[in-house]
Amino acid sequence: MRKREKMSKSEDSLRVLIAVTETCSLTELWRTVTQTVDGSRAEVVALFLHDERWHRAASLPFTREISRVGGTAADFTAQRAEQILADTVSRLQRQMQQLAAEANLPVAFEVLPESDQARLKTVIGKDENKCVLIAPSVLTHHPLLAGLIQSNLRVVIVE
Amino acid sequence: MTADSLRAYAVSTQDLRKACDALAHAFEHSDQLPEGTPYLGQQRAVDAIRFGIQMQRPGYNIYVLGPLGSHRHRLVEELVIERATTEGPPDDWCYVNNFADPERPSALSFPAGLGSAFRDDMRGLIEDMQSAIPAAFEGDDYRNQLKAIEEATQKEVESLWKSLDELASGEGIGVLQTPTGYVLAPLQDGKVIGDKEFDRLPETKRKEIQAAIQRLGEELQTRIEQMPKLRKQLRERVKALNRDVTAGAVSVLLNELKEKYQGMPKVSAYLDAAQQNIIDNAEDFQQPESPALPFMRRDSSQLLAQYEVNLLVDNLDKTSAPIVFEPNPSYPNIIGKIEHRAEMGALVTDFRMVRSGALLQANGGYLLLNIDRVLSRPFVWEALKQALMSNSVRIETPGESWGLVSTATLKPEPIPFDVKIILIGERWLYYLLSMYDREFDELFKVAADLEDDVDRSDENVEEYGRLIADRAKASELLPLNAAALRQVIEQRARQAQDGERLSMHMRSLDDLLIQSDYWARQRQSSLIEPQDIDEAIGQREHRLERTRSRIMDAIQRDVLLIDTSGSCVGQVNGLSVIDLGEFRYGHPVRITATTRIGTGEVVDIEREVELGGAIHSKGMLILSSALTARYSPETPLSLYGSVVFEQSYGGVEGDSASVAELCALLSSLARVPILQNLAVTGSLNQLGRVQVVGGVNEKIEGFFRVCKARGLDGSHGVIIPRDNVKHLMLRQEVIDAAAAEQFTVYAVKHVDEALSILTGCEAGQRDEAGKFPEGSVNGKVEQQLIRYATLRREFGEKAGKDEQE
């Protein structure tokens, strides 16, 4: 009982970071979050790692997007890249809030360009021991996370 | 007319009621009598029913003709039971799903009792399937095989993408994934280059990149197009695996059933079809973890329901052929019905909701129906005939059978039908059907006509006594002493309206016995005695005689004018019978006639105002003809006569008043008064012969009751046809009055005899010269008619002269 009271203090709560991209599924990641938290007090921060390569590709006048469903090709413009980004962020944010509400966990949502290391450090905070990063395996070599995986930060890779 | 000659027509007291003195068997009460021979007097009907139920040919169904209360049902049931017990129980019938066409459920037959076994076996199979099939899908074997299939496909997919990635990276192109597709972008040092970097590249390099992207785009499209094929291939492989797994699980379960029912080809075929259906729909047995929407969750009970068995006819507990009596032969109760259940606002049905009717319940046996009820229920008669003609029962709604409904519904396979149908009903319905329904005679070839009464021979009286004793025992009534038994037999002759016959109307016999038993018990007696029979009859009449007492009251108060003394020209007491179904009684009615010169018309006022029935009108025409033939054969009948039932405001039917009507006319013509202390009944033929009438006992008693109320003085009496004497079964009070010479029943053969008694004068017979004696009634009639003819001729001549002038 005493332990629970101690854990209820905010400075002792776990900080769970989930790294997500435009193409990964939240379901498996969230399952790992709930297993990690396991009923204890925690705050969840979703890190949306924005793939800047789209924007560079979109700046080229001949770039086309080939549909995954039918194989049809269409111009891939900067406007289209922005639209995809906005839609994806909106969708993931909504899903995340819903999952967090069901698990009764506070959640924050951060959009990080892949080059913004400073912002990432700020999000992690000083106490790395109380922080867990959950990331899909496709992001293992992501430039933003590669360094963290090598650090002391506890990282859980989800296949 | 002299007293002696009058006495010659008087019926002796012995003939007024034929007493029962034939019971030779010595006994004190009815319990001592031996059991009677069954089906007394009904041998013809019994033979017909036995013939009908034994005849195994199409159309030999039976119609039992007999009135309500003749215990026709009991008779038929006894005979049918007698036959059915020698026959084994027929097949059971089931409806099962027709997997090829679920709207047409298949019918399966089984030897008696095996239908329920099959149903239980299929239930067991369903229960086993519920666990065995999911278990097979959850087993390691299945999972490993599924995984192998998925991995093989995944490898193919990965191989396609890997080769593309290698191709692209070889050209310095990166493949980027977006949420909806792929983007090919040029790389420099492993990073996607933007427009500025691209513009800085040499022209040739830029063109190379664009060409490479174009090429790789086409490669990418080719691979994307292969994806659906790979997915389909995966699905097919998984489906084949599912089929194999399901087949393995199901065949273990079904093989046992197939072996059990291997002697029944149709059942075996059904089991094969069920097995194939289960295998074809193997995926259905895998419940998805979470359906897209809650209501889309597949109910496993619905899935398995298609393998259930609808046992329509179950003869498990039967040891003989079924005998079914359907008291309410509505269409669904006879043919069967297809029920529906509400499901999400719609009415749905399936083979499990097909219900059998009496035809199928009686299949292989006997079905007893009341024809009046069959005919009064819509569509039933036609459906019944259709089943008989097609030798099959097709369960469908009446609307569908008449082509009035176009909604899609079930069309269950017709079930072969072999039932002996026994219709029970009134005679008039039989004759109507026979006349107006051309198919009736083809389908109901056996008529079993129950007798209404039996000959009152000594032998039959003995049997009838035993029958009464049997019925008293069967109803747990007190026994009857010998006198009471004889009295009941006499009462049964009265019920038959014939002293020489005994009524076979069993319900009225039972009522008499039961009510006599009641009155015997009321006086703490251990036996039913004659006084109890009298009490039962008297009390019953008392309960029913309201209208009779009103008529009597009206006569006594001179509201209804009936003279029982004196004499009057052109006025006679006729007798009529009122039949109230359960109660018949007679009462006198005044008939008057007037005559004058005319053109040969005898007017029936009842007919003129449409109160006279056809038979009454016929009687009047016969009367008119008899009048002409007798009194005016060679001269034109120059008479206008009119006859009427005074104070009669309802219909008049029958010809039993024709003698009275003729006597009234003759009295009017001859100016000879008719004695009002007498009443007369009898029908007339053209030759003046007096013929039998119905209700003679009630008629005599009706007039007797009026005369007795006013005081019998020995002059009162009733004239009846001689041929009706054998029908006399008068009440004891009438016989007592006759014995005391206070009341007389006269029997006549010819209207002249009636005329003589009624007028007290000789009617007179034609002599050798063809002349009636002068002063006789007939002579006066003839004279009057000749006078009318002469006057008419004179009038005619005078009128002719007037016209010429």
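This is a short walk through one sheet, one chain-to-chain contact and one helix pair in the structure above.

Okay, hi everyone. Before anything else: this is a predicted model, so please keep that in mind as we go.

Let's start with chain A and its sheet. There are five strands here, in the order β5-β2-β1-β6-β7, and they make an open sheet with parallel pairing. If you want to find the edges, look for β5, residues 107–113, and β7, residues 154–158, both in chain A; each of those has a pairing partner on one side only. Going from one strand to the next, the twist averages 20°.

Let me zoom in on one end of that sheet. Strand β2 of chain A, residues 42–50, runs parallel to β5(A), and seven bridges join the two. If you'd like a spot to click on, try A:H50, which stands opposite A:P113 in β5(A).

Right, on to where the chains touch. How many residues does each chain put into the contact? Chain B brings 21 residues and chain A brings 20 residues. On the chain B side, the elements giving two or more residues are β4 (173–177), β5 (181–188), α7 (195–200) and α8 (203–260). The top contributor on that side is α8(B), with seven residues. Sorted by class, the chain B side comes out as 11 nonpolar, eight polar and two charged residues.

There's also strand pairing across the two chains. Strand β3 of chain A, residues 64–67, pairs with β5(B) in the antiparallel sense, over three bridges. For a concrete example, A:E65 has B:V183 in β5(B) as its bridge partner. As a quick reminder, strands in a sheet pair through backbone hydrogen bonds, and that can be parallel or antiparallel.

Last stop, a helix pair further along chain B. Helix α24(B), residues 614–631, and helix α25(B), residues 658–670, have axes that come within 10 Å and cross at roughly 45°. That angle falls between the 35 degrees below which we'd say roughly parallel and the 65 degrees where roughly perpendicular begins, so α24(B) and α25(B) are oblique to each other. The crossing of α24(B) past α25(B) is right-handed.

Which residues meet there? From α24(B) you've got B:G619, B:M620, B:I622, B:L623, B:A626 and B:L627, and from α25(B) they meet B:S658, B:E661, B:L662 and B:L665. The residues of that contact split into seven nonpolar, two polar and one charged.

That's my tour, thanks. Happy to rotate the view for anyone.

Note on methods
Residues are numbered from 1 along each chain as its sequence is written. Chains are lettered from A and ligands numbered from 1 in the order in which they are written. This is a predicted model: local features need pLDDT of at least 70, side-chain atom pairs count only at pLDDT 80 or more; totals for chains, interfaces and linings use all residues. Axes are lines fitted to C-alpha atoms, for helices over the stretch in contact, and angles run from 0 to 180 degrees between N-to-C directions. Helices (H or I, at least four residues) and strands (E, at least two) are DSSP runs, numbered from the N terminus. Angles under 35 degrees count as roughly parallel, over 145 as roughly antiparallel, 65 to 115 as roughly perpendicular and the rest as oblique. A crossing is left-handed if the near helix is turned anticlockwise from the far one by less than a right angle, and right-handed if clockwise. Two residues are in contact if their C-beta atoms, placed from the backbone, lie within 7 Å. Ala, Val, Leu, Ile, Met, Phe, Trp, Tyr, Cys and Pro count as nonpolar, Asp, Glu, Lys and Arg as charged, and the others, Gly among them, as polar. Two strands pair if DSSP finds at least two bridges between them.
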